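Student: Please take one part of this model and walk me through it closely. I would like to look at the sheet and what sits around it.

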Amino acid sequence: AGGPLFMGDIEDFNDLSCLVCPWHHYKVHIETGNMVYQSIDPHNPKNPPVWKNSGQKQRVHRVTVRDNSLFVTFSDCTGDLQSDQYNALEYRQRWQTNS
C-alpha cells in the first residue's frame, strides 16, 4: 500500500522469510513477492489461524554475493503487479517525508 519496504525488517513466519512493511505490517515473502497473512475462520474461531498467501504483489529480484560485492539480477518485468501503482514520484516523496 505504498509503504517503504526497503525500511522493513526481515522476519520468519511459518518457515517463510518475509519483508515486513514498517507502516502497515504487511508481510511479503522475499523469494516470491507473495503477500502472506494469517487467516481465521469467523464461523469457527476455535480453529487455529492458518497461514495463506494472496498471490504475488511485489516484484522480486535475485541478489548474489561474489568477492564481497552484491549483484542484483532484475527479474522479467513483464505484466503488471499490484505494487506497480506505487512506483510513482508521489509515493516516493511520501516515504521521504515520513522517514
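**The open sheet and its surroundings**

Tutor: Start with strand 4 and strand 5. Strand 4 covers residues 34-39, and five bridges join it to strand 5. The two run antiparallel. One contact to find on screen is Val-36, whose bridge partner in strand 5 is Asn-53. Keep in mind that this is a predicted model.

Now widen the view. Strands 4 and 5 belong to an open sheet of five strands. The order is 1-2-3-4-5, with antiparallel pairing. Strand 1 (9-13) and strand 5 (50-56) stand at the edges. Each has a single partner strand, so one side of each is left without a neighbour in the sheet. The sheet also turns from strand to strand: neighbours are rotated by 40 degrees against each other on average, direction ignored. As general background, strands of a sheet pair through backbone hydrogen bonds, either parallel or antiparallel.

Next, the aromatic rings. The structure holds one aromatic pair. Its members are Phe-13 and Trp-51. Their ring centres are 5.6 Å apart, and the planes make an angle of 45 degrees. That geometry is tilted: planes under 30 degrees apart would count as stacked, and those over 60 as edge-to-face. The pair links distant parts of the chain, with Phe-13 in strand 1, Trp-51 in strand 5 and the two positions 38 residues apart. Those are the strands at the edges of the sheet.

The two partners differ in cover. Phe-13 has a relative accessible area of 14%, so it is buried, given that the cut-off for buried is under 20%. Trp-51 reaches 26%, so it counts as partly exposed.

Another tryptophan deserves a look. Trp-23 sits in the loop between strand 2 (16-20) and strand 3 (27-29). Trp-23 is partly exposed too, at 29% relative accessible area. Check its distance to Gly-8: the C-alpha atoms are 8.5 Å apart, while the residues are 15 apart in sequence.

Finally, move along the chain to strand 6 (62-66) and strand 7 (69-73). Each supplies at least two residues of a nonpolar patch. The patch lies on the surface and consists of Val-63, Val-65, Leu-70, Val-72 and Phe-74. Together these residues have about 560 Å² of accessible area. Val-63 is a handy place to begin tracing the patch, and you will find it in strand 6.

Key:
Residues numbered from 1 in each chain as written. Predicted model: local features only at pLDDT ≥ 70, side-chain atom pairs only at ≥ 80, totals over all residues. Heavy atoms only, no water. Pairing = 2+ DSSP bridges. Helix = DSSP H or I, 4+ residues; strand = E, 2+ residues; numbered from the N terminus. Axes fitted to C-alpha atoms, helices over the stretch in contact; angles between N-to-C directions. Buried < 20%, exposed > 50% of the residue type's maximum accessible area, 1.4 Å probe, protein only. Patch = residues over 30% accessible without salt bridge, like charges linked within 9 Å, V, L, I, M, F, W, Y side chains within 5 Å. Areas by Shrake-Rupley, 256 points an atom, 1.4 Å probe, with all protein chains shown as cover. Salt bridge = Lys/Arg side-chain N within 4 Å of Asp/Glu carboxyl O. Phe/Tyr/Trp six-rings, centres within 6.5 Å; stacked < 30°, edge-to-face > 60°.
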